[in-house]
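Please look over the structure shown below before reading the briefing that follows. The notes are grouped by topic, and they are meant to be read with the model in view.

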Amino acid sequence: MCDATVWCGTFFNHVTLINNVYPTEPGAEGPQSSNLSLLIFYAKTKSNKLPKIGIYLEKRARTDLRKDKFVFVRVTLNILDALMNECHENLNLVSMPILRILLSVINLGQSNPDLVLHATSTFVIFSQYYVHDRVIDPELQQIYTSAVQEFCSCAVYDSKDVLVTHRLNLSGLRALQAVVSSDTFLQDPAIEEYSQRIIQALLKTLRKHIGEDISPQHFADEDSNSDHLTNKRASVTDELITDSELAHIAMAALNQLFCRANPTTLRILLSPLFAFVYEHDEWSSGKYVMPVMRTIANAIPTQYRYVLTATVLESLTDKESYKTKSDETKNRMISIIKYLIDSGSAVAGLTILELLDALVRVAIRASEDGVHQNSKASSKSTVEEATISAIGALAAHLQYPDQINDILSFVLNRMRPGDVLVAQALPGSDGSSPTPAPSDETNGTPEPASAQSGSSSPIKSSATDAVTHRLRINLLRALSELVDFVHPSITSFWIRCFLISSTMTLLPDWLRILSSTDSCYWKCLRLVLESMHSKVLDFAELYIDTSILMRNAPATSRSIS
């Protein structure tokens, strides 16, 4: 080894060693392995020569590109691969020449997509050793930003030539996946700029390449499966690149990006994602939105998933944009929240009552929309149904012993006439508790709106009563869902007593505010009681209390049961 060191340093310089690696025989391709080994040994033993090696390789690559000597350019890329693998401790000494060489090759674009793919493989190796949080050279930061931007352009490249398009798309996606797979990527000072460019490129790819035959389950794979999918290709230059494979690589890149996030970086990553979805109205029309959201939800560490839940809730309940959202948009947002609740990770970092309060407010607005659309009180919109289902799912995962009691108390209190929280959310409310409508003491039914001469705004009062009525019916359905979720093994006597006493206490108030012929109310109430019977209540107690209840019910309602 000592003789080799003397021989390398005495009789050869870096230029000679580099030139000896290139093939000299006509038709020969690839580097000369023995001379490449000698060059690597020289670079490892004399690391101070690495900057000169990088500068000369850059100069030679530009000359070969200008003369269309693409065989020599491939050899240059092979030399860079070997240098990075063997001298990665001193990668910072040759980072800028390597990136400039790669940028020169990428600029070939559609004229030589195979060479661009080879450059992508070199960039993947570079990304394995590139440390984002140690970059202090502004010029290096600028060159790296240009490389990321070029690969983003490749990922969304489109032309009439399908083969060229797929090869450049594959090149860009593999490079972006290598970038986000770095453990230090989220610590990069320019993470906001990078995340915006990369997420937009990945979402555009998914919007373009996801087909009807691709199910969301394909994107819920673990990291190992995703890595196997992208690494199984022995040659990236074959002609079997499919839309499905490109979609899988883009989804795997999103998965690897979000699995390394913390609460701070999560908010940075979610901002461009939601901005893109809203800008292109993808909530209501994009078939890839739900698979993307589920993949991201599964990728985020469990203890940080509350950030996604809070972000979706904040977007859903935003007063300025709520009315402009379509029912499909609202329904998909609520579906994501329910998906997080079902996974048992939505409330980590949030309290149950915070989440329940937000869902009840959505139920109030959904009830208001249902009334304004002149739909019958018995009809159920998709938004109302999704909200009811999400509320019911809160009982599926217990976070603390009194969770069931708190949830049921909250829902039952929202159904009580004059509830302040409901009154504040009703249309035209000034935040004060509404004045109950005058009622006939003999039969407990409200007088028609036309007979309420003391009302200063009978039309508004009538609309508010309609929304309140519809809301209570929706909350009754939610109560049924909650009771249905309670497993018999976790119920106890105090829960039974609470349900019986709370339900029976509220019945006189409900009877006074609802029409005597309102069959929908009695159907919902019967559904709740049946759920309570099957899950919580003792049959004898149910029979006695139901008999007392139905004795006070109108004759038209008794026929329903």
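In this predicted model, the buried residues of helix H15 pack against H10, helix H12 (243-258), H13, helix H14 (282-285), helix H16 (306-316) and helix H18 (327-342). Helix H15 covers residues 289-299, and because nine of its eleven residues are buried, it is largely enclosed by the rest of the structure. The bullet points below begin with this helix and then turn to other parts of the chain.

**Helix H15 and the chain as a whole**

- The residues of H15 that count as buried are Val289, Met290, Pro291, Val292, Met293, Thr295, Ile296, Ala297 and Ala299.
- The chain as a whole contains 27 helices and two strands, and 48% of its 561 residues count as buried.
- Among the contacts in the chain with a separation of 6 or more, 77% are made by residues that stand 24 or more positions apart.

**How helices cross**

- Helix H10 (residues 191-209) and helix H13 (residues 263-279) have axes that come within 9 Å and cross at roughly 40°, an angle that makes H10 oblique to H13.
- Ile191, Glu192, Ser195, Gln196, Ile199, Gln200, Leu203, Lys204 and Arg207 are the residues that H10 brings to this contact, while H13 contributes Ile268, Leu269, Pro272, Leu273 and Phe276; the crossing in which H10 passes H13 is right-handed.
- The axes of helix H5 (residues 70-86) and H7 come within 10 Å and cross at roughly 10°, and because angles under 35 degrees count as roughly parallel, H5 is described as roughly parallel to H7.
- On the H5 side, the contact with H7 involves Phe70, Val73, Arg74, Leu77, Asn78, Leu80, Asp81, Met84 and Asn85, and on the H7 side it involves Asp114, Leu115, His118, Ala119, Thr122, Ile125, Phe126 and Tyr129; H5 passes H7 in a left-handed crossing.
- H5 also meets helix H3 (residues 33-45), since the axes of H3 and H5 come within 10 Å and cross at roughly 40°, and the two helices are therefore oblique to each other.
- In this case H3 passes H5 in a right-handed crossing, with Leu36, Leu39, Ile40, Ala43 and Lys44 of H3 meeting Ile79, Ala82, Leu83 and Glu86 of H5.

**The loop before H5**

- Aspartate 68 is placed in the loop between helix H4 (50-66) and H5, and its phi is positive, at about 60°, although this residue is not a glycine.
- Is aspartate 68 buried or exposed? With a relative accessible area of 52%, aspartate 68 is exposed, because the cut-off for that word is over 50%.

**Aromatic rings**

- The count of aromatic pairs comes to nine, and one of these pairs joins phenylalanine 123 with phenylalanine 151, whose ring centres are 4.7 Å apart and whose planes differ by 40°, an arrangement that is called tilted.
- Phenylalanine 123 belongs to helix H7 (residues 113-129) and phenylalanine 151 to helix H8 (residues 138-155), so this pair ties together parts that are 28 residues apart in sequence.
- Both members of the pair are buried, phenylalanine 123 with a relative accessible area of 0% and phenylalanine 151 with a relative accessible area of 1%.
- The two phenylalanines also belong to one aromatic cluster, which is formed by Phe123, Phe126, Tyr130, Tyr144, Phe151, Phe185 and Tyr194.

**Tyrosine 130**

- Tyrosine 130, a member of that aromatic cluster, sits in the loop between H7 and H8, and with a relative accessible area of 5% tyrosine 130 is buried.
- Which residues does tyrosine 130 contact, leaving aside its neighbours within four places in sequence? They are Leu91, Val135, Leu140, Tyr144, Ser182 and Thr184.
- Tyrosine 130 and serine 182 are 52 residues apart along the chain, yet their C-alpha atoms are separated by 8.0 Å.

**Charged groups over rings**

- Arginine 60 lies over the face of tyrosine 22, at 3.6 Å from the ring centre.
- In another part of the sequence, the ring of tyrosine 339 has the charged end of arginine 294 sitting over it, 5.6 Å from the centre of that ring.

Key: Residues are numbered from 1 along each chain as its sequence is written. This is a predicted model: local features need pLDDT of at least 70, side-chain atom pairs count only at pLDDT 80 or more; totals for chains, interfaces and linings use all residues. Side-chain values use heavy atoms; hydrogens and water are left out. Rings of Phe, Tyr and Trp (its six-membered ring) pair if their centres lie within 6.5 Å; planes under 30 degrees apart count as stacked, over 60 as edge-to-face and the rest as tilted. Helices (H or I, at least four residues) and strands (E, at least two) are DSSP runs, numbered from the N terminus. Buried means under 20% relative accessible area, exposed over 50%, partly exposed in between (1.4 Å probe, protein chains only). A charge sits over a ring if NZ of Lys or CZ of Arg is within 6 Å of the ring centre and within 35 degrees of the ring normal. Axes are lines fitted to C-alpha atoms, for helices over the stretch in contact, and angles run from 0 to 180 degrees between N-to-C directions. Angles under 35 degrees count as roughly parallel, over 145 as roughly antiparallel, 65 to 115 as roughly perpendicular and the rest as oblique. A crossing is left-handed if the near helix is turned anticlockwise from the far one by less than a right angle, and right-handed if clockwise. Contact means heavy atoms within 4.5 Å.
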